[in-house]
Amino acid sequence: MWRCLCLRDGWRRLLSRPSGSPMATARTGANIPSLSRAYAPPAGGFEINLDHRKLKTPQAKLFTVPSKALAIAVATEWDCQQDTIKFYTMHLTTLCNTSLDNPTQRNKDQLIQAAVKFLDTDTICYRVEEPETLVELQKNEWDPIIAWAEKRYGIEIASSTSIMGPSIPNRTREVLVSHLASYNMWALQGIEFVVAQLKSMVLTLGLIDLRLTVEQAVLLSRLEEEYQIQKWGNVEWAHDYELQELRARTAAGILFVHLCSESTTIRHKLLQD
């Protein structure tokens, strides 16, 4: 029997199969984890129903997500839509569709390599030679994050003023590839999405490990732009829109990563660190 969790206005519903129910194994032959493991990706999943109709992906697949928490987040995202559905504001739904349809047909190794490749052009590894005030700003704001990442993962991350970029040791790549391999395919989709937004693998790692907030990571990724704005001014509405959009996409991406990962393992890992 289906269990129904209703959202605010009662017309959009999140439906899930209760663990241990005879219907829980009807689709996949695997039981849905108990509520204590709600964040762990089960073999079955949770569906989103809109007006009693099953939500589908762009490729017409049944829209199912790996955790109850993510299902609630996606349902809330739909619940926030008004008269017109604005898909470009629904980042969690988009990430779920990408994970389900996999339109580029990439496997886990390809997702990992795509994320790690950003080390070659990582925003906080490219430094200017002038003006001196910006040089100092980059050093003061970016160096502590690089130092944290090097200590946290036991790696070396160089910075450079050359247009060719920094030289990243092979061991650094190997360590980060191994680390990312511990995440499932859904979480890796979110990680690559965040890396692409910030143009930085290092800042993304800081977000995942809760070393940085979304606001901090976004500002660090836009450090040179913010410096120029402070010095020369800006088109206020355009700057504010771009900043809020980047924050929204980054926040959605990092939330997606956490909701698709095994929360118990992550919490213990963070507490130990």
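This report looks at the nonpolar core and the aromatic rings of a predicted model.

Residues are numbered from 1 along each chain as its sequence is written, and side-chain values use heavy atoms, with hydrogens and water left out. In this predicted model, local features need pLDDT of at least 70 and side-chain atom pairs count only at pLDDT 80 or more, while totals for chains, interfaces and linings use all residues.

Let's start inside. The largest nonpolar core (buried Ala, Val, Leu, Ile, Met, Phe, Trp, Tyr and Cys residues joined through side-chain atoms within 4.5 Å) has 64 residues, and L70, I191 and M201 have the most contacts inside it. Leaving aside residues up to four places away in sequence, I191 touches L180, Y183, M201, T204, I208 and V257 (contact means heavy atoms within 4.5 Å).

Now to the rings. The whole structure holds three aromatic pairs, where centres of Phe, Tyr or Trp rings (the six-membered ring for Trp) lie within 6.5 Å; planes under 30 degrees apart are stacked, over 60 edge-to-face and the rest tilted. Two of these pairs are listed here.

| Pair | Type | Centre to centre | Angle between planes |
|---|---|---|---|
| W78 and F87 | edge-to-face | 5.9 Å | 80° |
| W186 and F256 | stacked | 6.0 Å | 20° |

W186 belongs to helix α6 (residues 185-198) and F256 to helix α10 (residues 236-259), so their pair ties together parts 70 residues apart in sequence; helices are DSSP runs of H or I with at least four residues, numbered from the N terminus. Buried means under 20% relative accessible area, with a 1.4 Å probe and protein chains only. By that cut-off W186 is buried at 16%, F256 at 0% and W78 at 7%.

Conventions
Buried < 20%, exposed > 50% of the residue type's maximum accessible area, 1.4 Å probe, protein only. Helix = DSSP H or I, 4+ residues; strand = E, 2+ residues; numbered from the N terminus.
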